[in-house]
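Reader: Hi, I'm new to reading protein structures and would like to go through this one slowly. Could you put it up so that we can talk it over?

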Amino acid sequence: MGPLPIVTGISPKEGPPGTRVIIRGEYLGKEPNDVTGLLICGCDCLLSAEWKSSNKIIARSGPGKGRGDIIISTKSGGKGSCTVQFRGYHETIGPLKESAVWVEEAPLPGLSWGSRSLSHSTYHLEDPLGLSVEENEKKFPEDDLHEMFPEGSGDLGSENFEPNWFLLEHHHATSFDDLKVGLSYLKRKVDGQKEGQLSFLKDNVSSVMEQMDTLFLLKDKFEEDMKKHNTDTTTKIEKAINGANKLFEDVLSRRETADATRHALAVMTRYKFLFFLPVNIEHNIKHGDFDLIMSDYARARNLFGKFETPIFKQILADVAATINNLKISLHSKLKDMPTTLDQQKKIIRNLIILGFEGDPGWDAINSTYKYIKDQLILNREDHIAAESIQLDAEAGNIHYLGKQKSENNIQYEKHKKISNSNILLDTQNNTPPRIAFLEDIIEFILETFPEFWKLGQAYFNGELQIKPDKMKQNEFKQYVVNAVKLCCTLIRSAILPQNSDTELQWPHYSSSKQSNIIEIILLWLPHCIRLVQSLHSSLTNLEIPNESVEITSKLLLDLRIHSMIIELKKTADQVKGLSNKENWQLDYDSEYGAITQLPSEFEKLVSQAIQKIKESILETKRKEIPVLTNPTAKQELTVLINKIFLNFVQTLEVLGMISEDHDHAIAVSQLIGSPTPYSENDSSELTWEQRLLAMLSNCRYTRIIIYPKLSVQFHHQGFPSIDEPIRQCSGALSILEKRMIETYVELKSDPLVGTIEPSMYLGHFEWDTCLKPIDLRPYAKEILTNITAVYADVHRLVPKLLYRIISEIVETVAEELSRLMSCVTKFNSYGKVQARIDVMGLQRVLHQFMNENASCFFNEALEAVLPIDEYESNIIEEILNNFLKKMSLQLSCFIAVCPTKE
Amino acid sequence: MSKKTGTQPALHKVIMVGSGGVGKSALTLQFMYDEFIEDYEPTKADSYRKKVVLDGEEVQIDILDTAGQEDYAAIRDNYFRSGEGFLCVFSITEEESFQATQEFREQILRVKNGDNIPFLLVGNKGDLYDKRKISIAEAQARAQQWNVHYVETSAKTRENVDKVFYDLMREIRSRKIDDTKVSNGHGKEKSKIKRLKCCIL
């Protein structure tokens with residue numbers, strides 16, 4: 001058993017039957033069903049009991065009178081006790097009694113004691129037959145009576161009284177005799193009533209007469225009084241009545257006011273919901289509890305909307321106005337920017353709850369779109385202003401410096417340089433306005449656009465509880481596309497000034513400033529690409545219409561192409577500039593001879609460029625257009641690479657072919673005694689011919705090694721094939737090589753050939769006065785020495801071309817020899833032998849470097865000399881052998897090395 | 001009940017008075033059941049009684065929570081007669097309720113025939129200090145004038161709720177002790193002298 005229930009509080013503590021009482025205490029049951037009994041003043045009130053908690057039960061008092069206990073019984077605790085008591089009283093309210101009645105909102109329970117008590121109190125007639133009614137006997141069923149006498153009634157007072165009904169109802173068990181007795185009783189009673197008046201008079205004649213006398217006496221007395229006092233008594237009475245009325249007027253009016261107050265209170269309580277509504281709504285508005293507002297409002301409208309009472313109408317109108325204001329303010333709030341998606345959604349939801357007519361979702365979309373647009377434009381203007389300020393500042397700086405110019409020219413130049421470099425530094429440290437603009441708008445778009453898009457999605461998916469207007473889907477799409485387009489156009493106009501054509505152009509400045517700006521932008525291009533890429537990828541992730549993604553990807557593509565072109569152009573310029581960087585440090589390669597670092601520098605530049613392009617430009621992500629699939633891009637790429645290559649060829653040509661006058665041509669003829677520049681020239685400095693050879697070697701190296709390497713590299717980096725430019729440039733290189741060789745050969749053979757004749761006839765030598773030959777003549781030796789010198793150079797620098805160059809020189813030498821020999825008018829016998837010895841010696845020594853032409857020329861030279869006999873040929877043989885033996889060291893280069901023919 | 005009186009603890013009858021809506025019932029219910037009733041439902045006359053421990057002694061407190069509304073002004077006399085101590089409550093946020101305490105005080109004194117009645121002036125709704133209309137000084141001045149204590153409570157936060165009831169019970173207890181002393185002497189005459197002549201229509 002749990003603790004006993006105990007009642008410790010009662011509200012109110014007294015009242016008439018049916019009073020709603022709140023009973024408080026402890027252990028009043030664990031649940032509604034736990035309460036098994038509730039006695040108030042001894043009356044069972046369990047039926048009306050409403051269990052609230054174990055501390056509180058609400059019930060209605062019973063008909064019990066006087067002070068009494070409140071006893072609650074529970075299943076869990078048993079019969080309890082109380083510390084407070086309830087007093088029941090039956091109240092009669094007269095006009096003089098002050099009272100207050102609280103209007104109960106809850107209807108009385110149907111099964112009330114009241115109806116029963118009323119039926120108890122109805123007046124019960126005594127039986128007209130004077131018979132005692134045996135109530136305990138079985139009653140005649142009432143339904144049967146209704147059936148038998150559909151029109152009748154058993155009620156004695158009723159118009160359609162049916163005696164049979166009455167008898168059946170009340171006396172159906174009475175015996176006939178009894179009924180007869182009853183009938184006689186009734187007859188007696190009726191007779192008694194008829195005769196009553198007369199018999200009454202008879203019985204009381206004397207007293208009646210006495211009364212009559214008294215009345216006459218009274219009349220006389222009265223008339224006497226009237227005469228005596230001559231006043232109408234009625235006036236006094238009237239006065240008295242008036243006085244009484246006055247006395248009660250106050251009371252009555254008090255009652256009236258009490259009634260009115262009571263009524264007003266009742267109305268107030270009953271409709272307190274409505275009266276509190278405006279305050280409640282305002283309170284809820286403050287707390288943002290729009291659900292509550294709306295449900296309250298709807299409830300109020302349902303409950304009171306039909307009433308014609310002006311005050312209700314007024315309150316409802318007030319409420320409606322408040323709600324309207326709220327709607328308007330919310331709606332304007334919806335248009336307040338910037339805001340977050342959540343906020344917008346919340347406001348929209350609230351507007352929907354409040355029954356906003358119109359389309360808040362669409363309004364939100366509209367205003368967001370407008371906001372994005374405006375913000376973009378605004379941002380642009382801000383940055384344009386910033387840029388012009390910056391430019392002005394720079395200009396001012398220069399202008400200020402310009403003032404100093406007159407004072408000190410040199411200082412000015414210095415300053416200018418410093419300030420220029422400062423500006424550059426500045427622009428590298430601080431983002432230039434255009435780039436800042438780009439960053440800002442992209443950041444802005446990245447922030448706002450997804451929300452805008454999501455808002456749209458939410459709207460069209462019906463998440464906002466609005467029926468979306470499907471017709472607007474296209475419009476929204478247009479919005480999205482327009483926003484993206486605007487953004488892209490702005491970006492374009494900021495950083496790709498040359499290919500934007502709208503009125504959104506950034507202001508054009510004077511050419512120097514403009515170029516400065518462009519230069520700065522170029523520095524930042526990769527950054528821009530990254531920014532735009534992030535924009536693009538985030539837009540792609542949003543799955544917005546392809547149309548708008550296409551816009552960004554187009555922009556991205558243009559940017560990339562632009563950037564690529566810039567990069568390649570820069571490389572081309574750098575390649576061109578390589579000529580100034582040539583330091584002529586020779587690097588000897590066994591295969592290709594001496595090369596400078598030029599080709600490797602070239603390779604480095606190109607590979608750097610493609611690396612850079614690859615990294616910043618070609619890296620594409622989802623839904624971006626790969627740059628290289630674009631035909632213009634491809635074409636541009638090819639053209640530019642071609643240009644780079646040609647630039648290099650040009651560089652090589654410039655370096656190789658343009659001679660400087662002072663180190664032109666080494667004199668070849670030592671025999672003539674012309675000064676040999678060799679001794680004067682610093683050995684570390686290369687002569688022009690050597691440079692020519694070095695470049696030649698570079699050409700070959702480039703053609704054979706670098707080009708394939710680059711080709712492979714391009715292939716690896718995913719660039720389209722560059723075979724075509726390579727092929728073209730190889731051609732150009734080959735031509736260049738050929739030209740270089742020709743130049744070189746010309747350069748070398750001209751002096752060489754030129755010295756032959758003077759040397760041959762040196763010291764007034766004549767072929768017909770020739771002495772006995774003992775060796776090759778010095779001119780022949782000189783030819784050999786000169787060729788050896790060339791050989792040395794060529795071998796050192798371009799070993800692969802040794803044969804080609806030497807053979808050509810040999811050819812010219814042979815041609816000259818044959819010319820000289822055929823020009824000889826007369827040989828003596830020695831001269832004959834001598835000439836043969838010379839020619840054959842050369843022939844023998846140089847036979848490895850002889851082409852067909854050369855051997856022809858040698859043969860012609862031999863033929864020009866007179867034929868010889870055997871003895872003479874023996875002598876020639878002997879001398880030649882002797883010569884070869886003696887000179888083997890010097891000639892070893894011609895013999896030992898067997899140069900490959902190319 | 002009468003047979004139990006010997007073992008039954010002392011009973012102190014407290015009456016809550018004050019204008020309508022100042023929080024008499026709220027104070028009572030907070031004291032009795034630790035609950036705070038938000039919604040306002042005018043009281044007629046409620047009765048509560050429970051055992052409490054007052055300074056180590058088990059006593060019973062009987063609280064009569066009366067109606068503040070003017071409609072009941074006439075029946076107050078009856079209630080007041082049975083009371084031993086009074087908590088005169090007003091709302092610190094309502095000027096009229098404070099003014100009304102004067103009338104209540106007078107009525108009590110009239111009914112009880114004396115001015116040495118256990119009585120506490122209670123300023124309720126102390127949690128609504130930002131809506132305060134009656135300054136503490138103002139209330140204290142009046143309390144001083146009446147020679148009673150002034151306590152500020154909040155039925156909502158339960159601040160000083162126990163204090164007012166216990167303080168009042170202590171006053172009642174000490175008053176009872178005094179009375180038993182005085183009744184042996186000539187207490188009755190004193191009360192007669194103080195009787196005020198008054199009639200109401």
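Author: Before we start on how the chains touch, one term is needed: two residues are in contact when they have heavy atoms within 4.5 Å. Please also keep in mind that this is a predicted model.

Reader: Okay, so how many residues does the contact take from chain B and from chain A?

Author: Chain B contributes 22 residues to the contact, and chain A contributes 19 residues. Between them the two chains bury about 1,700 Å², and 51% of that area lies on carbon and sulfur atoms. On the side of chain B, Tyr33(B), Lys44(B) and Ser47(B) supply 28% of the area buried against chain A, which is more than any other three residues give.

Reader: And how many salt bridges are there between chain B and chain A?

Author: The count is two salt bridges between chain B and chain A. One pairing is that of Glu35(B) with Arg24(A), a salt bridge in which the closest N and O atoms are 3.2 Å apart. There are also 10 residue pairs in polar contact across the interface, with both residues at pLDDT 80 or more.

Reader: Which element gives the most to the side of chain B that touches chain A?

Author: The elements that give two or more residues to that side are helix H1 (24-33), strand S2 (45-54), strand S3 (57-66) and helix H2 (73-82) of chain B, and S2(B) gives the most, with six residues. Sorted by class, the side of chain B that touches chain A has 13 nonpolar, two polar and seven charged residues.

Reader: Which strand of chain A does S2(B) pair with?

Author: S2(B) pairs with strand S1 (residues 6-11) of chain A, in the antiparallel sense and over two bridges. Within S2(B), Tyr48(B) is the bridge partner of Gly9(A).

Reader: Changing topic, what is the secondary structure of chain A?

Author: Chain A has 27 helices and 13 strands, and buried residues make up 42% of its 902 residues.

Reader: Now for one residue: where is His90(A), and why is it called partly exposed?

Author: His90(A) sits in the loop between strand S11 (85-88) and helix H1 (113-121) of chain A. His90(A) is called partly exposed because its relative accessible area is 44%, which falls between the cut-offs of 20% and 50%.

Reader: What is His90(A) in contact with, leaving aside its neighbours within four places in sequence?

Author: With those neighbours left aside, His90(A) is in contact with Pro17(A), Pro63(A) and Lys65(A). Lys65(A) and His90(A) are 25 residues apart in sequence, and their C-alpha atoms are 7.4 Å apart in space.

How values were computed: Residues numbered from 1 in each chain as written. Chains lettered and ligands numbered in written order. Predicted model: local features only at pLDDT ≥ 70, side-chain atom pairs only at ≥ 80, totals over all residues. Heavy atoms only, no water. Buried area = accessible area lost by both parts, 1.4 Å probe. Salt bridge = Lys/Arg side-chain N within 4 Å of Asp/Glu carboxyl O. Polar contact = N/O pair within 3.5 Å; in protein donor to acceptor, adjacent residues only side chain to side chain. Helix = DSSP H or I, 4+ residues; strand = E, 2+ residues; numbered from the N terminus. Nonpolar A, V, L, I, M, F, W, Y, C, P; charged D, E, K, R; others polar. Pairing = 2+ DSSP bridges. Buried < 20%, exposed > 50% of the residue type's maximum accessible area, 1.4 Å probe, protein only.
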